[in-house]
Amino acid sequence: MLQLITAEYLYKHHPGATEGELTQTRSAMVNTNTLAELAEQLDLGSYLYLGKGIAKGGGRNLKSLLANGFEAVLGAVFLDAGYDAAYHYYLNRYRSLPEPAQDENFKGRLQQVAQERFGQTPVYDSEGAKVGTHREYTSVVFAGAEPLGTGHGATKQEAEQEAAKAALENLVGAVKPSSVVKPPRAARTRARRGSKRTPKGGEPVVDGEPATTPEPEVALAVVAEPEPAPVADGSPEAPAPEPPRSRQFGAPIE
């Protein structure tokens with residue numbers, strides 16, 4: 001559902017963007033940190049059903065679980081109210097974020113740098129170990145025989161992102177997430193189905209813009225023939241001759 005919403009938004013509102021710009025904006029809209037922040041706005045962590053172990057280990061604040069929970073809420077909106085409601089719900093929540101979303105796909109950026117410098121794709125060696133009451137992962141990234149960086153995290157994905165970030169810092173210096181401009185509030189939103197209204201004496205309007213209306217169909221009125229009025233001596237007046245039929249009904253005019 002989230003992929004469909006972002007794809008439709010980018011297709012309609014960024015028609016002239018390059019492939020790289022579209023990828024960067026889409027990543028900012030669907031990455032784990034963005035979805036986790038949206039879930040935190042709803043206090044979604046307190047509603048998660050978790051086992052005692054992961055709950056004690058801080059599972060209610062785990063970004064990956066919060067992100068998955070928000071996607072579940074979005075799916076529930078779709079099932080209950082339809083696609084239009086889910087589309088606008090997500091975009092409204094995303095625009096309400098206080099700061100522009102950050103693209104923290106360090107793995108993707110490292111892949112580009114490693115291919116340019118070494119002609120190789122980075123490889124990650126990740127292992128998990130129990131630390132106290134929770135599990136922690138350690139990941140080392142390689143481009144050839146030499147390790148480029150090491151990272152740690154509560155999940156394998158987080159550890160690999162941290163390793164990629166460390167590798168980028170070793171290769172190109174300090175790394176800052178790329179800023180992505182959020183969809184502006186004033187941008188024209190997707191028209192809701194069935195939202196047409198017709199003002200008095202005007203054309204139908206959809207979201208403030210006149211809508212094209214089909215030509216009105218010509219209604220054919222059927223007029224009943226009046227009954228002959230009686231004359232003074234009580235006998236009905238002779239009926240008038242039948243008028244010629246129109247060519248509209250397929251009969252020639254005599």
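Which helix lies across β2, β3 and β4? In this predicted model, the answer is α8, residues 156–172. Helix α8 runs at about 140 degrees to β4. To see what α8 lies across, start with the sheet.

The sheet is open and has three strands, in the order β2-β3-β4. Pairing is antiparallel. In general, strands of a sheet pair through backbone hydrogen bonds, either parallel or antiparallel. Here β2 and β4 stand at the edges. Each has a single partner strand, so one side of each is left without a neighbour in the sheet. Neighbouring strands are turned by 15 degrees against each other on average, with direction ignored.

Take the pairing of β2 with β3. Strand β2 covers residues 123–131, and strand β3 covers residues 134–142. Nine bridges hold this antiparallel pair in register. Three positions let you trace the register by eye. D125 stands opposite V140 in β3. S126 stands opposite S139. Further along, A129 stands opposite E136. The two strands form a hairpin with two residues between them. G132 sits in that turn and has a positive phi of about 65 degrees.

Now move to the other side of the pairing scheme. Strand β4, residues 147–153, runs antiparallel to β3 and is joined to β3 by six bridges. Y137 of β3 stands opposite G153 in β4. This is a hairpin too, with four residues between β3 and β4. Its turn holds G144, which has a positive phi of about 105 degrees.

What leads into the sheet? T121 is in the loop between α7 (106–117) and β2. Is T121 buried, exposed or partly exposed? Its relative accessibility is 45%, so T121 counts as partly exposed. Beyond its neighbours within four places in sequence, T121 is in contact with Q111, Q115 and F142. T121 also lies 8.9 Å from L110, C-alpha to C-alpha, and the two are eleven residues apart in sequence.

Next come the helices earlier in the chain. In general, nonpolar side chains in soluble globular proteins tend to be buried together. The largest nonpolar core of this model has 25 residues. Those with the most contacts inside this core are I5, M29, L35, F70 and Y90. Five helices each supply at least two of the core residues: α1 (2–13), α2 (19–30), α3 (32–41), α5 (63–81) and α6 (83–95). The largest share, six residues, comes from α6.

Y90 gives a good view of this core. Which residues does Y90 touch, leaving aside its neighbours within four places in sequence? The list is L2, I5, T6, M29, V30, L35, L38, F70 and L74. A second, separate core has twelve residues. L110, A143, A163 and L171 are among them.

Two helix pairs show how the helices pack. Start with α1 and α6. Their axes are 10 Å apart, at an angle of about 75 degrees. That makes α1 roughly perpendicular to α6. On the α1 side, the contact uses L2, L4, I5, T6, E8, Y9 and H13. On the α6 side, these meet Y83, A86, Y87, Y90, L91 and R95. By class, the contact has nine nonpolar, two polar and two charged residues.

The second pair is α3 with α5. Their axes come within 7 Å and cross at roughly 70 degrees. These helices are therefore roughly perpendicular to each other. From α3, the contact takes T32, N33, L35, A36, L38, A39 and E40. From α5, it takes K63, S64, L66, A67, F70 and E71. The residues divide into seven nonpolar, three polar and three charged. L35 of α3 and F70 of α5 take part in this contact, and both are listed among the residues with the most contacts inside the largest core.

Notes:
Residues are numbered from 1 along each chain as its sequence is written. This is a predicted model: local features need pLDDT of at least 70, side-chain atom pairs count only at pLDDT 80 or more; totals for chains, interfaces and linings use all residues. Side-chain values use heavy atoms; hydrogens and water are left out. A nonpolar core is a set of buried Ala, Val, Leu, Ile, Met, Phe, Trp, Tyr and Cys residues joined through side-chain atoms within 4.5 Å. Buried means under 20% relative accessible area, exposed over 50%, partly exposed in between (1.4 Å probe, protein chains only). Contact means heavy atoms within 4.5 Å. Axes are lines fitted to C-alpha atoms, for helices over the stretch in contact, and angles run from 0 to 180 degrees between N-to-C directions. Angles under 35 degrees count as roughly parallel, over 145 as roughly antiparallel, 65 to 115 as roughly perpendicular and the rest as oblique. Ala, Val, Leu, Ile, Met, Phe, Trp, Tyr, Cys and Pro count as nonpolar, Asp, Glu, Lys and Arg as charged, and the others, Gly among them, as polar. Two strands pair if DSSP finds at least two bridges between them.
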